[in-house]
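Reader: I would like to go through this structure contact by contact, with the reasoning behind each assignment. Could we begin once the model is in view?

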Amino acid sequence: MKTVRLAVVALSLVFAQQVNAQDTNQSSHVLEVSVPEIALLDIYDTGALAKEIEANDIIQFDLANGAGVSEAGIYTFAGISRTGLWLNYTSVVGVASSGFDTERTIDVKMVANGVGEAFPKSLDLVIDPGNAVIEANGGDHGVAVADARLGKTTAVGANARLINGIGSVHTGDGAKGFPLTYSLVQNGDFADYKAGSYLAVIEYTLSDL
């Protein structure tokens, strides 16, 4: 009798293992999605260049053609401006404590080109961001701080803040993002303003700490 009872118990254990191994009406698995940080920026010109601006492209102010320099006793920069420039960018940020940036900024600076003076004295290049135009559901494009003034107000090589509070966003390409207007204003004694050809690089940076 003892031998028979042991055999029945062993058979029951095998049957239970087979039942537990069968499929049910549910199944599951783990899904992982890895989203990297992104910080990309460019300038698009809908004006004379009609393309994405590259490092060797030149935006020129020829003051000999200014309407305000043809009358004796008058020298004004009024009406001298460049429009059609658009600040396009893509940003993906993280949440707090994720180890990723939680927001970004855009700074701009004037950099000496290494040949002679970078920019006339007693003068500012004013970069004025207009109202942003963003793709539908494009995200958090940030807020323009104010116009950036490079030259006398913000010295060559120093950053000026242009946009704050950028989150995850894709502005769109071309005439999207923030429109930029370049203009010139006198800032200082005209005695320091000298004739010549000046060459500088205007550098925009979307923060990526």
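Reader: In this predicted model, where is the place of valine 33?

Author: Valine 33 contributes, with Leu31 and Val35, to a nonpolar surface patch of about 350 Å². Valine 33 counts as exposed because its relative accessible area is 66%, and exposed means over 50%. As for its position along the chain, valine 33 is in the loop between α1 (2–20) and β1 (38–45).

Reader: Which parts of the chain does the aromatic pair of tyrosine 75 and phenylalanine 190 tie together, and how many residues apart are they in sequence?

Author: The structure holds 5 aromatic pairs, and one of them joins tyrosine 75 to phenylalanine 190 at 5.2 Å centre to centre, with 55° between the planes, which is a tilted arrangement. Tyrosine 75 lies in the loop between β2 (51–52) and β3 (81–92), while phenylalanine 190 lies in the loop between β10 (178–186) and β11 (200–206), so the parts tied together are 115 residues apart.

Reader: Is tyrosine 193 buried or exposed?

Author: Phenylalanine 190 also forms a tilted aromatic pair with tyrosine 193, at 5.0 Å centre to centre and with 35° between the planes. Phenylalanine 190 is partly exposed at a relative accessible area of 34%. For tyrosine 193 the relative accessible area is 15%, and because buried means under 20%, tyrosine 193 is buried.

Reader: Which strands hold arginine 82 and aspartate 45?

Author: A search of the whole structure finds 11 salt bridges, among them the one in which the side chains of arginine 82 and aspartate 45 meet at 2.8 Å, N to O. The two residues are 37 residues apart, with arginine 82 in strand β3 and aspartate 45 in strand β1.

Reader: What is the relative accessibility of each partner in that salt bridge, arginine 82 and aspartate 45?

Author: The cut-off for buried is under 20%, so both values can be judged against it. Arginine 82 counts as buried at 16%, and aspartate 45 counts as buried at 0%.

Reader: Which residues are linked with Arg104 in a network of salt bridges?

Author: The side chains of arginine 104 and aspartate 208 meet in a salt bridge of 3.5 Å, N to O. This pair links strand β4 (residues 104–112), which holds arginine 104, to the segment after β11, which holds aspartate 208, across 104 residues. Arginine 104 counts as buried at 0% relative accessibility, whereas aspartate 208 counts as partly exposed at 49%. In the network, Arg104 is linked with Glu37, Asp101 and Asp208.

Technical notes
Residues numbered from 1 in each chain as written. Predicted model: local features only at pLDDT ≥ 70, side-chain atom pairs only at ≥ 80, totals over all residues. Heavy atoms only, no water. Patch = residues over 30% accessible without salt bridge, like charges linked within 9 Å, V, L, I, M, F, W, Y side chains within 5 Å. Areas by Shrake-Rupley, 256 points an atom, 1.4 Å probe, with all protein chains shown as cover. Salt bridge = Lys/Arg side-chain N within 4 Å of Asp/Glu carboxyl O. Helix = DSSP H or I, 4+ residues; strand = E, 2+ residues; numbered from the N terminus. Buried < 20%, exposed > 50% of the residue type's maximum accessible area, 1.4 Å probe, protein only. Phe/Tyr/Trp six-rings, centres within 6.5 Å; stacked < 30°, edge-to-face > 60°.
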